[in-house]
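Student: Please take one part of this model and go through it closely.

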Amino acid sequence: MKRVIWIVIDSVGIGALPDSEKFGDTNVNTLGNIVKTYPDIKIPNLINLGIGNIEGADFLQGTKTPIGAFGKCGELSQGKDTTTGHWEMTGVLVETPFKTFENGFPKEIIDEFESKTGRKVVANKPASGTAILDEYGEHQMKTGDVIVYTSADSVFQIAAHEEIIPLEELYKMCEIAREIMMGDNAVARIIARPYIGEKKGCFTRTSNRRDYSLDPFEPTVLDNIKESNLDVIGVGKIEDIFNGQGITEAIHTHDNMDGVDQTINYMKKDNKGLIFTNLVDFDSKYGHRRDTLGYKKALEEFDLRIPEIIDSMKDEDILIINADHGNDPTYKGTDHTREYIPVIVYGKDVKEGLNLGIRDSFADIGATVADILNVKMPKHGKSFKTEIVK
Ligand SMILES: O=P(O)(O)O[C@H]1O[C@H](CO)[C@@H](O)[C@H]1O
Ligand SMILES: [Mn+2]
Ligand SMILES: [Mn+2]
């Protein structure tokens, strides 16, 4: 029985899509611009797998002998966020964009939220999640008011100091917000953003973040795998992104390296089906912070773990590495960027050096996973399994 190890390197896009300008993004290229800023970047294992051989990735020195299959995928869905990216890669297209709130949330929503939670809201505007703590953290410590903010993404984010508003209360508030933000006001995610620290300039967010997604509109490939009585193990925020749908077991992680550790732990166990990991630090700690050096180092740190991941593979395992959108740290603002995503496939049964070219949709990846595991195909996506198998 084959098993798939599917690792999402969150936000590691590989260049603008033909329609990126429509999303406010010109000349964006997350990986490309990091490499151009730091040409000394060391990602030999990703290069060995074939990332530098992807069409358009000429900012990297490709290898003559890639050990994996490689390509890039465009996004058919109307969006550039995590939910949209992950749902598309598992076979669900988001054709009507999720609702965004560029000017903050309307008064009726805030009034209802305040009356149901018993706490007063401050901020209520689009913001960077770290800047908003400097702006309102001390106020929250004095008053117990709750910080609500959004972004260019479809998100209702609630920041709460862990020592002022207990985690359980924050999570409860998120559930209340989730109930309010349905129907016409359905945002893709409510996000709990707990943090700690004494004063302005010293606040840090903790790994107790939780995302409250909508249920995917249609069955995803995860549902199809689960229905075939195989395991679907979510590592990191995978469980949250699918609101638990199609997941049989899940573990949250503290950071990227913990995510790799947990993935390897599961790889060593006797399971069958899918291990599905999201490594979010690239996005949340570096992309949104426009921290190009931090992003570069995070890529190097991940790259160093690839041999260990490969060594933990059983003979029939297939490894897939891809992104879910871009978050170019050299670009203006603090939001995601609409980009192609790189995709790399590796395994003993996978043809070395096969060029998968430019695929229409992220959904091709999920369709391939379904095909490999021999479960029902998702509604969208063209499997490239027959192209890659030896
Ligand atoms: O600035 P922070 O709080 O990291 O928030 C970012 O994280 C959210 C989820 O990716 C995005 O919508 C963006 O708002
Ligand atoms: Mn993401
Ligand atoms: Mn993000």
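Student: Is the crossing of α9 and α11 left-handed or right-handed?

Tutor: The crossing of α9 and α11 is right-handed (the near helix is turned clockwise from the far one by less than a right angle; anticlockwise would be left-handed). The model is predicted, so local features need pLDDT of at least 70 and side-chain atom pairs pLDDT 80 or more, while totals for chains, interfaces and linings use all residues. Residues are numbered from 1 along each chain as written, with chains lettered from A and ligands numbered from 1 in written order.

Helix α9 covers residues 256–268 and helix α11 covers residues 292–311 (helices are DSSP runs, H or I, of at least four residues, and strands are E runs of at least two, numbered from the N terminus). Their axes are 10 Å apart and the packing angle is about 10° (axes are fitted to C-alpha atoms, for helices over the stretch in contact, and angles run from 0 to 180 degrees between N-to-C directions). That angle makes α9 roughly parallel to α11 (under 35 degrees; over 145 is roughly antiparallel, 65 to 115 roughly perpendicular, the rest oblique).

From α9, the residues in contact are Asn 256, Met 257, Val 260, Thr 263 and Ile 264. They meet Ala 298, Glu 301, Phe 302, Arg 305, Glu 308 and Ile 309 of α11 (C-beta atoms, placed from the backbone, within 7 Å). By class, this contact has six nonpolar, two polar and three charged residues (Ala, Val, Leu, Ile, Met, Phe, Trp, Tyr, Cys and Pro are nonpolar; Asp, Glu, Lys and Arg charged; the others, Gly among them, polar).

Another helix pair can be set beside this one. Helix α4 (residues 107–117) and helix α6 (residues 167–180) cross at roughly 140°, and their axes come within 10 Å. That makes α4 oblique to α6. The crossing of α4 and α6 is right-handed. Here Ile 109, Glu 112, Phe 113, Lys 116 and Thr 117 of α4 meet Met 173, Ile 176, Ala 177 and Ile 180 of α6. The residues of this contact are six nonpolar, one polar and two charged.

The model also contains an open sheet of eight strands with mixed pairing, in the order β10-β9-β11-β1-β12-β13-β2-β14 (paired strands share at least two DSSP bridges). Strands β10 (249–251) and β14 (355–359) are at the edges with a single partner each, so one side of each has no neighbour in the sheet. From one strand to the next, the twist averages 15°. Further in, β1 (residues 3–9) pairs with β11 (residues 273–279) in the parallel sense over seven bridges. Within β11, Thr 277 is the bridge partner of Ile 7.

How values were computed: Contact = placed C-beta atoms within 7 Å.
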